[in-house]
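Colleague: I'm new to reading protein models. Could you walk me through this one, a bit at a time?

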Amino acid sequence: MTLVAAVMAISMNAQVYVGGGVGVASESGDGIEDVTTYKFVPEVGYVFNQDWAAGVAFGWEGSNEGGAKTFSVAPYVRYTIFTGKVVDAFLDGSVGYAHKYNAGFDDDLLSIGLKPGIAVKLSNKLSFVSHIGFIGYQQVKNNKSKNKVNSWGIDVDGNNIVLGLYYNI
């Protein structure tokens, strides 16, 4: 009976959110082939309380250059560091896996680390969310050659900013 009451209390205070991001980029120049890349990253999560949430992002990336494709999945736990009227600052602890294939690629990518971010509340139901960088460990393993590249560090630059929208259900 106590367990049922606890689950009901958590459910009444919790919210589900859906969202994610999309991206398209084009690269061209003298002496290089025009390259178009695209990305679709849907996300779903569950807010437990004002401080804690958990979710998972799924990704699909592609390119017209050689037909390379990438599928990824990244579950995370989110801790909200600061809650304001309009802006929240958070830190996602994430474990990510991606598989890149075709065009001579057969790579597995593993990442474990932290992704800082902010959420701008546009309304009660809609938020603009931005992740800014990555702090942690990454490994890329080529499945054909069995070569591995391990890296630790901080990656905060203009190429590692992710923008998206979340809708609170």
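**A pocket, its walls and the strands around**

Modeller: Let's start with the second largest pocket, which holds about 500 Å³ of space. On a 1 Å grid over the protein atoms alone, a pocket is an open set of points where a 1.4 Å probe fits, with protein on both sides within 12 Å along at least five of seven lines, and lining residues have an atom within 4 Å of a point. Points are joined across faces, edges and corners, and the volume is the space filled by probe spheres set on them. Keep in mind that this is a predicted model, where local features need pLDDT of at least 70 and side-chain atom pairs count only at pLDDT 80 or more, while totals for chains, interfaces and linings use all residues. Residues are numbered from 1 along each chain as its sequence is written, and side-chain values use heavy atoms, with hydrogens and water left out.

Colleague: Which strand gives the largest share of the lining of the second largest pocket?

Modeller: Strands here are DSSP runs of E with at least two residues, numbered from the N terminus. Several of them supply at least two lining residues each, including S1 (15-29), S4 (69-83) and S10 (161-168). The largest share is 3 residues, and the strand is S4.

Colleague: How many residues of that lining are charged?

Modeller: The lining has 21 residues, with Gln15, Asp88 and Lys121 among those nearest the centre. Asp, Glu, Lys and Arg count as charged; Ala, Val, Leu, Ile, Met, Phe, Trp, Tyr, Cys and Pro as nonpolar; the others, Gly among them, as polar. The split is 8 nonpolar, 9 polar and, for charged, 4.

Colleague: Which residue in S10 is the bridge partner of glycine 19?

Modeller: Two strands pair if DSSP finds at least two bridges between them. S1 and S10 run antiparallel, joined by 4 bridges, and S7 and S10 pair antiparallel over 7. One residue of S10 is the partner of serine 127 in the second pairing. Glycine 19 has as its partner in S10 tyrosine 166.

Colleague: Is lysine 146 buried or exposed?

Modeller: Lysine 146 sits in the loop between S8 (134-142) and S9 (148-155), and its phi is positive, about 65°, although it is not a glycine. Buried means under 20% relative accessible area, exposed over 50%, and partly exposed in between, using a 1.4 Å probe and protein chains only. At 54%, lysine 146 is exposed.
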